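Let's take a walk through this one, from its surface to its charged pairs and then its backbone. Have the chain open and follow along.

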Amino acid sequence: MKPAENILPQRPEKEIIEPQLNLLLTTDEDDDRPVYISGNFNNWITQDKHFLMEKVGKGLYHYKFPFDFKYPDELLYKFTRGDWSEVEIDKYGNRTENRSCKQHSGVKKEHVAKWRHNWLPFKTNFLPKVHLVSEEFEIPQLNKKRKVWALLPHDYETSTVHYPVMYLQDAQNLFNEKAQYGNWEIDKKLAVMAEYNIGNIIVVAVEHADNERIIEYNVGNTVLGSGQGKKYIRFLTDTLKPFIDDNFRTKPEREYTGIGGSSMGGLVSIFSGIMYPEVFGKLMIFSPSLWVVPKIKLSFLDMDEPQDTRIYLYAGGDESATMLDHVKNFKKRLLKKDALNDKMKIRLSINQLGKHNEVYWSDEFPKAIEWLYFSTKEE
């Protein structure tokens, strides 16, 4: 047996430090959606493939920053499922503050309790004020009366702010819980968006004409016959908009004024932009019934001085055999003239699984509003 003094003391094992920063994320609420990191290092892009986390187990994700990554003084970031409508939230459904990290190596463990699903859940205190403008608003151009609503920002009565406006068709299907085919839930979507300061707009919703809806939204002579669309559009521009601007705190200029709808409501919104480009600078067009007028005349493209216009164009791949071809061709025709490329921005959104109904239009609504009114990104 060796003398005790000849036994070398054991050295503690040296801790191995990862030379690159590793983020290890656990989540209580897991699903098939990918997880991305968005932060001050990539302009807060939500679907940056360079910052896609690897799923290494159920509810477990990992990301290793590259060797050549240039760290800011303070790394600010959030986790998303690919969009701000799918961002991380706390266990109570509240928005979370930006995460912060100053280390450039080792492992940092993070945890997400819940994720938003298409902007939901919402908080009732952010719900817009649903205001009935009139039970029987006069439409002198058609010798009719119509119910018109205005959804005002939640703090409208306590603020002095003037707001952009979006005019939408088919009010019966926008926020009515008893709608026959479901509704867009725009009130709930606007509530969550308001938390992020990207939903502060006024939405003016005009109810459709029930059995005469198709006739009223049909512009000119089409495969559906002769319609009243031109008169309806004049009601929007010559009667309704001046009333709204006189009675609510709006930003009346064209760059703050939009119009939109789905199906035939989308078609009449296209014609509104074509006929009155000096009124509407933003178009929100969902699943438009372009088959009704496949050779739609785009006369406003011949304006001597075309103005900046944004168009959010959406279609679903499971709507009809020709829907995607129609919207792609429509976009191509809109951008046919090189002189307009700097003036017209078009976001074409396609959901290959999308059907022709309110559920999918509800999904697109917050994305469209954010891009049309609150995004400065070029498209």
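Ile214, Val223, Leu224 and Trp291 make a nonpolar surface patch of about 380 Å². Patches here are built from residues with over 30% relative accessible area and no salt bridge, joining like charges within 9 Å and nonpolar side chains (Val, Leu, Ile, Met, Phe, Trp, Tyr) within 5 Å. The areas come from the Shrake-Rupley method with a 1.4 Å probe, and for residues only the protein chains shown count as cover. Within the patch, Val223 sits in the loop between strand S14 (221–222) and strand S15 (225–226). Helices (H or I, at least four residues) and strands (E, at least two) are DSSP runs, numbered from the N terminus. Val223 counts as exposed because its relative accessibility is 56%; the cut-offs are under 20% for buried, over 50% for exposed, and partly exposed in between (1.4 Å probe, protein chains only).

A word on the ground rules: this is a predicted model, so local features need pLDDT of at least 70 and side-chain atom pairs count only at pLDDT 80 or more, while totals for chains, interfaces and linings use all residues. Residues are numbered from 1 along each chain as its sequence is written, and side-chain values use heavy atoms, with hydrogens and water left out.

Now for the charges. A salt bridge means a side-chain nitrogen of Lys or Arg within 4 Å of a carboxyl oxygen of Asp or Glu, and the count comes to 21. Take Glu216 and Arg146, whose closest N and O atoms are 2.7 Å apart. Glu216 belongs to helix H2 (residues 213–217) and Arg146 to strand S11 (residues 144–152), so this pair ties together parts 70 residues apart in sequence. Both Glu216 and Arg146 are buried. Elsewhere, shared salt-bridge partners join Asp30, Asp31, Arg33, Lys55, Arg81 and Glu86 into one network.

Look inside that network at Arg33 and Glu86, which meet in a salt bridge at 2.2 Å, N to O. They link distant parts of the chain, 53 residues apart: Arg33 is in the loop between strand S1 (21–27) and strand S2 (36–39), Glu86 in the loop between strand S5 (75–80) and strand S6 (88–89). Arg33 and Glu86 are both buried.

Finally, the backbone. Most residues other than glycine have a negative phi, and most peptide bonds are trans. Yet the peptide bond from Leu120 to Pro121 is cis, with omega near 5°, and Pro121 is in the loop between S9 and S10. Asn197, not a glycine, has a positive phi of about 60°.
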